[in-house]
There are 4 protein chains.
Amino acid sequence: MANSEYEYVKKFEQWDALPPANWIVVRVDGRGFSKLCKKYDFEKPNDRGALDLLNEAAWEVIKSFVDIVLAYGQSDFNCPNSFVLHKSTTLFERRASKLATSIATAFTAEYCMRWSTHFPDKPLTSPWPTFDGRCVCYPTREILRDYLSWRQADCHINNLYNTTFWNLVLKGGMSGTEAEEFLKGTVASDKNEILFSRFGVNYNNEPELNRKGTVLYRAYDVVNDAAESAIKRAKADPSSKSQLEKERKRKQKARIEMQNIDLIRDRFWQERAYILAEKVGHVLSEE
Amino acid sequence: MANSEYEYVKKFEQWDALPPANWIVVRVDGRGFSKLCKKYDFEKPNDRGALDLLNEAAWEVIKSFVDIVLAYGQSDFNCPNSFVLHKSTTLFERRASKLATSIATAFTAEYCMRWSTHFPDKPLTSPWPTFDGRCVCYPTREILRDYLSWRQADCHINNLYNTTFWNLVLKGGMSGTEAEEFLKGTVASDKNEILFSRFGVNYNNEPELNRKGTVLYRAYDVVNDAAESAIKRAKADPSSKSQLEKERKRKQKARIEMQNIDLIRDRFWQERAYILAEKVGHVLSEE
Amino acid sequence: MANSEYEYVKKFEQWDALPPANWIVVRVDGRGFSKLCKKYDFEKPNDRGALDLLNEAAWEVIKSFVDIVLAYGQSDFNCPNSFVLHKSTTLFERRASKLATSIATAFTAEYCMRWSTHFPDKPLTSPWPTFDGRCVCYPTREILRDYLSWRQADCHINNLYNTTFWNLVLKGGMSGTEAEEFLKGTVASDKNEILFSRFGVNYNNEPELNRKGTVLYRAYDVVNDAAESAIKRAKADPSSKSQLEKERKRKQKARIEMQNIDLIRDRFWQERAYILAEKVGHVLSEE
Amino acid sequence: MANSEYEYVKKFEQWDALPPANWIVVRVDGRGFSKLCKKYDFEKPNDRGALDLLNEAAWEVIKSFVDIVLAYGQSDFNCPNSFVLHKSTTLFERRASKLATSIATAFTAEYCMRWSTHFPDKPLTSPWPTFDGRCVCYPTREILRDYLSWRQADCHINNLYNTTFWNLVLKGGMSGTEAEEFLKGTVASDKNEILFSRFGVNYNNEPELNRKGTVLYRAYDVVNDAAESAIKRAKADPSSKSQLEKERKRKQKARIEMQNIDLIRDRFWQERAYILAEKVGHVLSEE
């Protein structure tokens, strides 16, 4: 039962490394999550427990993949999560299938295994929640930012719609079909008006978690400066190799920040220039 | 916060549909499973509970993806599992990333959520088990069979090595390094001889589960014939549309068989010609 | 001016090798050939000189790429030519861009440089004729044959249309627009009838060159048997290495046949089983 | 002979559009050009006629593909030519095979058909010169510039080597093998020294054509400003549609400049900021 005569089959695997120097977004989407929402009777339009679970899962994924610089999770029930890998990453030799499956399975495991903490009274049963994933390359910082702006604008649009829809259904006594029909052709200001005049809801006072989604990022600021100088000292003194390694690890452990914050305007990025810096964790000006 | 100015970013997603008419293998491998083996103190060279868990997870994956005609799981701790999708599948428009991530996350969820049944005394803790996955296309039945033969020959080679190695360590009192050194350059017959003369182990009497790995396939045989004629009857009588649908579903629910059996010789395939038939669940001769 | 700091740019080239074991078709199409037809006042519906030039160019391309087993050229003015590379070819490591550009530029050079032989009175002037090209993989003989059948059926459909159209214009006194309008919605039998009743043309008597297009293939039959046994003799006698090489070359020089013949029915392929044989130039039964 | 049953074969063609917003380089290399050099007895180390022919061919290619902003041709006998398409190009929907084959066949046709002008006494005979081609994407201006720097540094290194090698052979009386051996392990300064001390050649006085290769680019400067304002006027006045079209064409016809000039330092790019401008033919500052 020698193996050699079959080994030619290895050649059928296509090499799928993503091009260098591009920012890689691994986007992960819930599969069939509208069914899941019904099955576990999630609160409308946003279930706090479900969002917390998603964000905790994303947090853990970032913790285990040190080349992820930022993740953005929309507040949809469909819960798309975008993980941004630094453009210089060589993780899995940048192979698309390895990246997408490793991140998507990690996210799935976190989501399933942490479920019971967030829903102690709703045991998770088969069929389990699963996620699909894909890699997309963005050649420049500007286009990557446009991608994230697109996602956050989408989150806003969906959340405004959902908030209005569910107010019409839950408080306004409409059926789902009636509410859908009623909202056809309305623009953002119409929905704001409906919310305010009918239900006394000022959309701008809705939780930012729902309106803006959740941004998670490695906060390299303070930690980083200390680590950087320690690394420099360690490099200067070749005897302190273990020290160098220790500092590197500290750097990797840069705390992860979670915020419900605007990603579209410049402010977020200006104040945290290290997130999209040329080198991981540096500030842009240093380059 | 209009979305339109950002929508151009959608165009960066590359279309990754696999070519038609090829058999698609989605291979799923455990990530860092040698650590996992140590952490949960798996029995050497094969842990029955761990193999049962893998096979149960694979079984459930087949159940949820009706276009999978066969899966083969090696008995390695690394537990590579190959899921074969029928060449005619149009699942997810044959998009590689969708296929790989959906199957890999389903496998991960099954593995994590069914863990406690197989290891009631070893609670699963973070970091959770995860899997990577990839799609490979095989243009013909013959090459697909060579792929599966390659995997099964590999399973045999690894298992013979592991069985000998662990006998040397556990019963022979060698250290891991010593056993490794001792086995360097040995061929199959040498290992058989070592097992027999030193430890009284006849390798051919080792469990087939370990030596052959596990084959899971949709058994279309009997069920199929009945379903086929029912479908034909239903088609002839257009009033019985719901009947047609019912039969179709029955067909999809063809029972799943699990066997530890030789895939390299022709016999398996001749007796179950429907597995690689031109049309899902038909016999080759009908085509 | 050291080069090393820039060498990283090499990594941006994506590896584009086509999957093994697939038949590779390189299809080459004339760019903007309707303009060319007008510029050089080609005869309608088929210009014999133009077709001869195309076929001569294809012939020469086959001669220089020994892994091409067959080529099929349609009689359109657009002159698509399909070059079939044996599924086992390792030419240019099967890289798609190398294959497509090498064959397309060879075809272009032959077409331009042989022009004056076929059109001594119409000197070729800038802009020169050029061609685009692409590679397509076909996983099995059957699908490859379906591809060629598709092309030949297409050739027939276009030629019947063009023959009718130009008879209506040149002999029937219609304008182009009138003829187009007149033929809208007609099927094959209508066109046959128009040709016969109006112009006394029996389409089946039209030249096969126009109706069937042109097949070029390496004829391995007789030459091959002789070469094969010579190679076997040479292999048995290791001293005759140069003899072996000589025979191999003779085999490569298998004469090229050109025929206007049906590719859709089985006969062509049964009588020349060596064309799509498992090994280049063998007969199928030997495999 | 209906076509419909075969049309499924169209689906085997893979979609190969290059990702948006990347600069596309189509690189074209001579196939087997060392043989060609011998056959036509090109002058060593650089044949002026051969270089002129290449540059004329490149010029004509730029003229016909308006989205090419710059081309760079090395002075090697192998004559690699890099054509840079603006990152915003939608030519052929950015399909890699269409781009590579269309440009490579155009280059081949120009090279073959213009041969006799440059070599009136050396008629071109079969096998004709041909070229292969490939597309490479560069995500940013900076990396594209590094690519071009790499090519120009390579040109310099090769030309210095060739100049020294051929002086040793032609004037120094060495055989090719002797010269090769002699130069093994030498660095740039060694070669400069050999050239100067042995043959009185100051490498820096060698023609820039040989040392720097040839840059061709669309010169949008002056023409552009005039055209821009004319286009603005035309847009403001909707009645002057034909005027608008005329100006657009004038813009497209921006004259093509040919220079043997340094591409590695910033100066070239600063003085011609429009070449890599965000919008074709604009200046960077306008964006």
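The following paragraphs describe chain relations, helix packing and local backbone geometry in a predicted model.

The overall make-up of a single chain is taken from chain A. Its secondary structure comprises 10 helices and 6 strands. Chain A has 287 residues, of which 56% are buried. Among the contacts in chain A with a separation of 6 or more, 75% are between residues 24 or more positions apart.

Two copies of a chain are related by a rotation about an axis and a shift along it. For chains A and B, a turn of 180° and a shift of 0.0 Å along the axis lay chain A on chain B with an RMSD of 0.0 Å. This is the relation of a two-fold axis. The two copies use the same surface, since 100% of the contact residues of chain A recur in chain B. A second superposition places chain D on chain A, again by a turn of 180° and a shift of 0.0 Å along the axis, with an RMSD of 0.0 Å. The C-alpha of chain D nearest this axis belongs to P139(D) and lies 2.4 Å from it. Here too the same surface serves both copies, with 100% of the contact residues of chain D recurring in chain A.

Helix packing was examined in chains D and C. Two packed helices are described by the angle between their axes and the distance between the axes. In chain D, helix α2 (residues 48–64) and helix α3 (residues 96–118) have axes that come within 8 Å and cross at roughly 135°. The helix α2(D) is therefore oblique to α3(D), as angles from 115 to 145 degrees are neither roughly perpendicular nor roughly antiparallel. The crossing of these two helices, α2(D) and α3(D), is right-handed. On the α2(D) side, the contact is formed by G49(D), D52(D), L53(D), L54(D), E56(D), A57(D), A58(D), E60(D) and V61(D). These residues meet I103(D), A106(D), F107(D), E110(D), Y111(D), R114(D), W115(D) and H118(D) of α3(D). By class, the residues of the contact of α2(D) with α3(D) comprise 10 nonpolar, 2 polar and 5 charged.

One residue of this contact, L54(D), was considered individually. L54(D) belongs to helix α2 of chain D and has a relative accessibility of 5%. L54(D) therefore counts as buried, the cut-off being under 20% relative accessible area. When neighbours within four places in sequence are left aside, L54(D) is in contact with C79(D), F107(D) and Y111(D). Both F107(D) and Y111(D) are among the α3(D) residues of the helix contact. The C-alpha atom of L54(D) is separated by 19 Å from that of L263(D), a residue 209 positions away along the chain.

In chain C, helix α4 (residues 141–170) packs with helix α6 (residues 188–199) at an angle of about 35°, and the axes are 10 Å apart. The crossing of α4(C) and α6(C) is left-handed. The residues L160(C), Y161(C), T163(C), T164(C), N167(C) and L168(C) of α4(C) take part in the contact. Their partners in α6(C) are A188(C), K191(C), N192(C), I194(C), L195(C), R198(C) and F199(C). The residues of the contact of α4(C) with α6(C) divide into 7 nonpolar, 4 polar and 2 charged.

Local backbone geometry was considered last. Most residues other than glycine have a negative phi, and most peptide bonds are trans. In chain B, the peptide bond between S126(B) and P127(B) is cis, with omega about 0°. P127(B) is placed in the loop between α4 (115–118) and β4 (131–138) of chain B. In chain C, a cis peptide bond likewise joins S126(C) and P127(C), with omega about -5°. P127(C) is placed in the loop between α3 (96–118) and β4 (131–138) of chain C.

Positive phi values occur in chains A and D. E93(A), which is not a glycine, has a phi of about 50°. The loop containing E93(A) lies between β3 (81–85) and α3 (96–118) of chain A. With a relative accessible area of 48%, E93(A) is partly exposed, because this class lies between the limits of 20% for buried and 50% for exposed. In chain D, F92(D) is a residue other than glycine with a positive phi, near 50°. F92(D) is found in the loop between β3 (81–85) and α3 of chain D.

Terms used
Residues numbered from 1 in each chain as written. Chains lettered and ligands numbered in written order. Predicted model: local features only at pLDDT ≥ 70, side-chain atom pairs only at ≥ 80, totals over all residues. Heavy atoms only, no water. Axes fitted to C-alpha atoms, helices over the stretch in contact; angles between N-to-C directions. Helix = DSSP H or I, 4+ residues; strand = E, 2+ residues; numbered from the N terminus. Parallel < 35°, antiparallel > 145°, perpendicular 65-115°, else oblique. Left-handed = near helix turned anticlockwise from the far one by under 90°. Contact = heavy atoms within 4.5 Å. Nonpolar A, V, L, I, M, F, W, Y, C, P; charged D, E, K, R; others polar. Buried < 20%, exposed > 50% of the residue type's maximum accessible area, 1.4 Å probe, protein only. Least-squares fit on C-alpha atoms with pLDDT ≥ 70 in both.
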